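Below is a briefing on the ligand site, the nonpolar cores and the aromatic pairs.

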Amino acid sequence: MSEEKKVVTPEPLIQADDLCKFFQLSRKATLKAVNHVTFNVNKGETVGLVGESGCGKSTTGRCLVNLYTPTSGHVYYKGRDIQTFSKEERMKFHSDVQMIFQNPYASLNPRMTVGEIVTEGMKLHHSKLSSAECQQKAEALLARVGLNKEHMNRFSHEFSGGQRQRIGIARALSVDPEFIVCDEPISALDVSIQAQVINMLKKLQQELGLTYLFIAHDLSVVKYISDRVIVMYLGTIVEEAPADELYAHPVHPYTQALLSAIPVADPRVTKAKKRIVIKGEIPSPINPKECCQFTDRCPYATDRCREEVPVRKEIEAGHFVSCHLH
Ligand code: SF4
């Protein structure tokens with residue numbers, strides 16, 4: 001995979017501000033999927049959002065694209081709260097922001113041809129385009145993602161997982177978006193295909209000036225695509241830093257453990273690397289305690305960690321951590 005770095009001007013395109021998404025399961029049980037999360041994604045950059053399954057990263061992504069309404073807090077797009085948008089602004093927002101889903105098998109309608117899937121959004125959001133223009137645009141998009149116009153009349157079940165994800169990417173691009181939430185777009189694919197899809201997403205970003213939130217459950221995947229990385233644990237952000245800084249100097253015990261689990265090709269490095277094993281399973285996000293959420297699994301936990309929520313601190317320019325050790 002290519003590792004060249006791009007220059008990003010820090011101009012927030014989309015921001016999560018003290019965002020919460022809770023699900024009331026019963027009178028006494030509240031699932032706090034996203035619990036006071038604040039971050040921004042600057043125009044033209046890729047932010048990796050990483051954490052174990054169930055940590056709230058997909059729910060965060062869904063709040064950003066307005067698939068979920070936040071319980072509290074705000075999502076700002078180009079400086080405006082999306083909940084205050086007029087009907088027309090909401091329509092424009094829904095073409096400006098798109099989502100690529102994890103499961104390319106379930107996210108495409110099996111009764112629609114590839115041409116219908118890719119032109120559906122265009123017809124809704126670009127109603128001035130004629131059918132012929134939609135057709136032409138869809139063919140160009142398929143070529144851009146490595147498919148061809150002969151695929152237009154076929155159905156999604158006729159394609160491999162990698163090809164289906166390419167169709168999903170063409171569908172997201174069909175409405176000329178600015179921001180795309182890529183929700184674990186490669187985790188259901190063969191390892192041999194994963195690098196191809198990541199490189200394609202990087203190329204599309206350069207060509208079309210896209211901004212990505214790239215969700216993944218493991219830090220090795222986001223390394224090659226992210227400018228900044230945010231680590232989530234049980235609905236909260238525990239660490240955020242420019243990608244190079246995070247991989248070189250992780251400071252939160254959870255990030256350190258995640259990074260120590262990444263296999264390294266060089267056996268000398270593997271030998272020198274100390275593996276930090278996290279105890280137990282991720283706890284339930286139902287009625288979480290008011291404390292550091294990592295307490296039960298952290299090797300450094302103290303009484304303070306069990307009683308007090310750690311405050312987010314900036315320890316280096318752009319490097320934030322929420323841990324009482326810092
Ligand atoms: Fe561990 Fe305490 Fe830091 Fe939480 S606040 S990560 S329990 S040391």
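Ala, Val, Leu, Ile, Met, Phe, Trp, Tyr, Cys and Pro count as nonpolar, Asp, Glu, Lys and Arg as charged, and the others, Gly among them, as polar. On that basis, the shell around the ligand holds 9 nonpolar, 3 polar and no charged residues. The model is predicted, with local features needing pLDDT of at least 70 and side-chain atom pairs counting only at pLDDT 80 or more, while totals for chains, interfaces and linings use all residues. Residues are numbered from 1 along each chain as its sequence is written, and side-chain values use heavy atoms, with hydrogens and water left out.

**Ligand shell**
- Residues around the ligand (a heavy atom within 4 Å of it) include His252, Cys292, Cys298, Cys305, Cys323 and His324.
- Pro253, Phe294, Thr295, Tyr300, Ala301 and Leu325 also belong to this shell.

**Nonpolar cores**
- A nonpolar core is a set of buried Ala, Val, Leu, Ile, Met, Phe, Trp, Tyr and Cys residues joined through side-chain atoms within 4.5 Å; buried means under 20% relative accessible area (1.4 Å probe, protein chains only).
- The largest such core has 55 residues, of which Ile169, Phe214, Leu219 and Val229 touch the most other members.
- A second, separate core of 29 residues includes Val34, Phe39, Val97 and Ile215.

**Aromatic pairs**
- Rings of Phe, Tyr and Trp (its six-membered ring) pair if their centres lie within 6.5 Å; planes under 30 degrees apart count as stacked, over 60 as edge-to-face and the rest as tilted.
- There are 6 aromatic pairs by this rule.
- Phe85 and Phe93 form an edge-to-face pair, because their ring centres are 5.7 Å apart and their planes at 65 degrees.
- Both Phe85 and Phe93 are buried, and ring pairs link them with Tyr77 into a cluster.

Notes
Buried < 20%, exposed > 50% of the residue type's maximum accessible area, 1.4 Å probe, protein only.
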